[in-house]
Amino acid sequence: YIQEGMEKGMEKGIQKGIQKGIQKGKEEGKLETARRMKEDGFDISTIVRITGLSEQSLKEKGIF
């Protein structure tokens, strides 16, 4: 039972790690889109609406 429990725990840990990686990748993609939009002259409210990122996160990441 211990071995089975360890295997299930490891599997869950791997899945959580994969999900975190996917989320981080999505956020990085949105931030890159936001940077390009700013370079092209879009205002912050338009960037927030299109990317789904908050105004605060854009400021924290140095985009605005």
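**View 1. Helices α1 and α2 cross with their axes within 10 Å of each other, at roughly 150°.** Axes here are lines fitted to C-alpha atoms, for helices over the stretch in contact, with angles from 0 to 180 degrees between N-to-C directions. Helices themselves are DSSP runs (H or I, at least four residues), numbered from the N terminus. The two helices are therefore roughly antiparallel, a label for angles over 145 degrees. Their crossing is right-handed, that is, the near helix is turned clockwise from the far one by less than a right angle. At the interface, Lys30, Thr33, Ala34, Met37 and Lys38 of α1 meet Thr46, Ile47, Ile50 and Thr51 of α2; contact means heavy atoms within 4.5 Å. Please keep in mind that this is a predicted model, in which local features need pLDDT of at least 70, side-chain atom pairs count only at pLDDT 80 or more, and totals for chains, interfaces and linings use all residues. Residues are numbered from 1 along each chain as its sequence is written, and side-chain values use heavy atoms, leaving out hydrogens and water.

**View 2. Helix α2 (residues 44–51) has a buried side and an exposed one.** Ile44, Thr46, Ile47 and Thr51 are buried (under 20% relative accessible area, 1.4 Å probe, protein chains only). These residues cover an arc of only 160° around the axis, which puts them on the same side of α2; the arc is that of the directions from the helix axis to the C-beta atoms. On the other side, Ser45 and Arg49 are exposed (over 50%). The buried residues pack against α1 (2–39) and α3 (55–60).

**View 3. Leucine 53 sits in the loop between α2 and α3.** Just after α2 comes glycine 52, with a positive phi near 80°. Leucine 53 is buried, with a relative accessible area of 10%. Beyond its neighbours within four places in sequence, leucine 53 touches Lys30, Leu31, Ala34, Val48 and Leu58. Its C-alpha lies 8.6 Å from that of alanine 34, although 19 residues separate the two in sequence.

**View 4. Leucine 58, in helix α3, is buried.** Its relative accessible area is 0%. Leaving aside neighbours within four places in sequence, leucine 58 contacts Ala34, Ile44, Ile47, Val48, Leu53, Ile63 and Phe64. The C-alpha atoms of leucine 58 and isoleucine 47 are 9.1 Å apart, with the two residues eleven apart along the chain.

**View 5. The confidence of the prediction, by element.** The protein chain averages a pLDDT of 94, and 100% of the residues score at least 70; pLDDT is the predictor's confidence in each residue, from 0 to 100. Among the elements, α2 has the highest mean (96) and α1 the lowest (94).

Technical notes: Angles under 35 degrees count as roughly parallel, over 145 as roughly antiparallel, 65 to 115 as roughly perpendicular and the rest as oblique.
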